[in-house]
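Work through these exercises with the model on screen. Try each task before you read its solution.

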Amino acid sequence: MVDWIISPGHVDYAEALRQMERRADGIRNGTAGEAIWLLEHPPLYTAGTSAKPADLLNARFPVHEARRGGEYTYHGPGQRVAYVMLDVGARGRDVRAFVRALETWIIATLAEFGLVAETRAGRVGVWVPRPDKPPLPDGSPREDKIAAIGIRLRKWVSFHGISINVEPDLTHYDGIVPCGISGHGVTSLVDLGLPVTLADVDVALKKTFKAAFPPAN
């Protein structure tokens with residue numbers, strides 16, 4: 001069984017990291033079960049292991065070294081963060097398949113609200129086509145990012161996870177080049193005209209989880 005933990009309020013990032021690492025240690029040692037932790041952070045930026053200093057445009061919020069994969073991303077109120085502490089060793093030891101499962105989970109969650117979201121080769125995260133916006137200068141269609149993925153594995157146990165933009169202040173992304181990708185923008189469920197709450201997203205995440213992550217052997 002996977003434990004579902006929902007924290008009210010805004011969780012301090014450093015404290016979240018400590019709790020994730022503690023839980024991951026317990027999973028490895030057999031003293032704790034797998035867990036999905038749903039929370040919000042106060043406004044902050046995190047730098048993954050591939051973050052480029054030039055992509056931090058304006059450090060208007062605290063910047064944390066996340067030690068996860070990926071580059072810079074933003075977390076803040078109105079964004080549902082789901083920290084995923086799972087035994088990937090018992091789930092096939094396939095990192096690429098694990099990331100695909102995270103993408104599948106996000107896409108299925110967004111589909112619960114009638115939103116078609118997609119992945120793109122060479123771009124991390126989940127994207128929404130924006131035919132309502134002008135194309136990029138090279139003529140390619142505009143797409144906005146609605147969800148981010150950044151994980152870390154330690155002895156085949158995952159931590160960190162995903163984030164879905166429900167109703168964050170999208171101007172807070174202006175301080176970084178999100179995930180090192182220029183040109184395309186960011187969006188949210190509410191920005192797309194869907195009156196969705198964090199609680200609604202929590203229900204959808206729980207509903208779609210088992211299809212993406214069958215029970216571990």
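Two exercises follow, on a single residue and on nonpolar packing.

This is a predicted model: local features need pLDDT of at least 70, side-chain atom pairs count only at pLDDT 80 or more, and totals for chains, interfaces and linings use all residues. Residues are numbered from 1 along each chain as its sequence is written, and side-chain values use heavy atoms, with hydrogens and water left out.

**Exercise 1.** Find the place of Thr 187, and decide whether Thr 187 counts as buried or exposed.

*Solution.*
- Step 1. Look in the loop between β11 (185-186) and α3 (198-212). Helices (H or I, at least four residues) and strands (E, at least two) are DSSP runs, numbered from the N terminus.
- Step 2. Thr 187 counts as buried because its relative accessibility is 0%. Buried means under 20% relative accessible area, exposed over 50%, partly exposed in between (1.4 Å probe, protein chains only).
- Step 3. Leave aside neighbours within four places in sequence; the contacts of Thr 187 then include Arg 130, Asp 144 and Leu 192. Contact means heavy atoms within 4.5 Å.

**Exercise 2.** Which element supplies the largest share of the largest nonpolar core?

*Solution.*
- Step 1. Define a nonpolar core: buried Ala, Val, Leu, Ile, Met, Phe, Trp, Tyr and Cys residues joined through side-chain atoms within 4.5 Å.
- Step 2. The largest has 32 residues. Among those with the most contacts inside it are Trp 105 and Phe 213.
- Step 3. The largest share, 6 residues, comes from α2.
- Step 4. A second, separate core has 17 residues, including Ala 24 and Tyr 83.
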